[in-house]
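Work through the exercises below with the sequence and the model side by side. Each task is followed by a solution in steps.

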Amino acid sequence: MSERKLSLVVLGLSITSSWGNGHATTYRSLLRGMFELGHDVLFLERDQPWYADNRDLPDPEFVRLGLYRDLADLKRRYGHAIRDADAVIVGSYVPDGVEVGRYVTRNARGLTAFYDIDTPVTLARPSTRETAPPSAVVTRSPSHRIPGVWPTDDQNVTKYVTITIAQTAAASSF
């Protein structure tokens, strides 16, 4: 029996530029692993000038890349992909993350999750209506949440997230 391959959409801070952030290297490793396992991954990144001017991986071969200008552009160009994916993951520090998270949970038919790459920062931050991370907005239930993982071994991170998504997908009907 072969494992079911998943259609994943990941909204993250950046995968195209490692300039000034650690997110790109984490996403690169994690999503390359997902690709190597045969999953189809669409990475959506807000097209920010400081990353656009410093792209060190403008066309990653292991994901389909989508750049968008703002929330309206995201909805117009990638709404169908978000709606139809097996799982949609919104990462920490996505611009307009709470609004993006609300859009994702209202429109995605598959699983939704919040991937907190900056768990220590999130846990240290006081939780108020204005500063709350989108995890409460993005997840449909605690069983669908992929907890933040502080990466110490890239293979383990990829395996953990893949297993978590696959187990949750197998338990859910699409």
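## Exercise 1: Helix H1

After H1 comes Gly 38, a residue with a positive phi near 95 degrees. The model is a predicted one.

**Task.** Compare the span of H1 with the value expected for its 14 residues, and list which of its residues are buried.

**Solution.**
1. Helix H1 covers residues 23–36.
2. The expected span is 1.5 Å times one less than the number of residues.
3. For the 14 residues of H1 this gives 20 Å, and the end C-alpha atoms are 20 Å apart, so the two values agree.
4. A residue is buried when its relative accessible area is under 20%. In H1 this applies to His 23, Ala 24, Thr 26, Tyr 27, Arg 28, Leu 30, Leu 31, Gly 33 and Met 34.

## Exercise 2: The overall layout

**Task.** State how many helices and strands the protein has, and give their order from the N terminus.

**Solution.**
1. The protein has 7 helices and 5 strands.
2. Read from the N terminus, the order is β-α-β-α-β-α-β-α-β-α-α-α.
3. Of the 174 residues, 49% are buried.
4. Among contacts with a separation of 6 or more, 70% join residues 24 or more positions apart.
5. The accessible surface is about 9000 Å², and carbon and sulfur atoms account for 52% of that surface.

## Exercise 3: The nonpolar cores

**Task.** Find which residues have the most contacts inside the largest nonpolar core, and which elements supply at least two residues each.

**Solution.**
1. The background is that nonpolar side chains tend to be buried together in soluble globular proteins.
2. The largest nonpolar core here has 19 residues, and Val 10, Ile 15, Tyr 27, Leu 31, Val 41, Phe 43 and Val 63 have the most contacts inside it.
3. At least two residues of this core come from each of strand S1 (7–12), helix H1 (23–36), strand S2 (40–46), strand S4 (87–91) and strand S5 (111–115).
4. H1 gives the largest share, 4 residues.
5. Take Leu 31 as an example: leaving aside residues up to four places away in sequence, Leu 31 touches Val 10, Ile 15, Val 41, Phe 43, Phe 62 and Val 63.
6. There is also a second, separate core of 17 residues, including Leu 11, Ile 82, Tyr 103 and Ala 108.

## Exercise 4: Salt bridges

**Task.** What parts of the chain are tied together by the pairs Arg 32 with Glu 61 and Asp 84 with Arg 109?

**Solution.**
1. Side chains of opposite charge can pair when their charged atoms come close. The count for this model is 11 salt bridges.
2. In the pair of Arg 32 and Glu 61, the closest N and O atoms are 3.2 Å apart. Arg 32 belongs to helix H1 and Glu 61 to the loop between helix H2 (49–52) and strand S3 (64–68), so this salt bridge ties together parts 29 residues apart in sequence.
3. Arg 32 is partly exposed at 33% relative accessible area, whereas Glu 61 is exposed at 58%.
4. Asp 84 and Arg 109 form a salt bridge with an N to O distance of 3.3 Å. Asp 84 is in helix H3 (residues 71–84) and Arg 109 in the loop between helix H4 (97–107) and S5, so the parts tied together are 25 residues apart in sequence.
5. Asp 84 is partly exposed at 43%, and Arg 109 is exposed at 61%.
6. Two further cases can be added. Asp 47 and Arg 55 form a salt bridge at 2.7 Å, N to O, and a network of salt bridges links Arg 69, Asp 73, Arg 76 and Arg 77.

## Exercise 5: Aromatic pairs

**Task.** Classify the ring pair of Tyr 27 and Phe 43 as stacked, tilted or edge-to-face.

**Solution.**
1. The structure has 3 aromatic pairs.
2. Ring planes over 60 degrees apart count as edge-to-face.
3. The ring centres of Tyr 27 and Phe 43 are 5.0 Å apart and the planes are at 65 degrees, so the pair is edge-to-face.
4. Tyr 27 is in helix H1 and Phe 43 in strand S2, so the pair ties together parts 16 residues apart in sequence.
5. Both Tyr 27 and Phe 43 are buried.
6. The ring pairs also form a cluster of Tyr 27, Phe 43 and Tyr 115.

Note on methods
Residues numbered from 1 in each chain as written. Predicted model: local features only at pLDDT ≥ 70, side-chain atom pairs only at ≥ 80, totals over all residues. Heavy atoms only, no water. Buried < 20%, exposed > 50% of the residue type's maximum accessible area, 1.4 Å probe, protein only. Contact = heavy atoms within 4.5 Å. Areas by Shrake-Rupley, 256 points an atom, 1.4 Å probe, with all protein chains shown as cover. Core = buried A, V, L, I, M, F, W, Y, C linked by side-chain atoms within 4.5 Å. Salt bridge = Lys/Arg side-chain N within 4 Å of Asp/Glu carboxyl O. Phe/Tyr/Trp six-rings, centres within 6.5 Å; stacked < 30°, edge-to-face > 60°.
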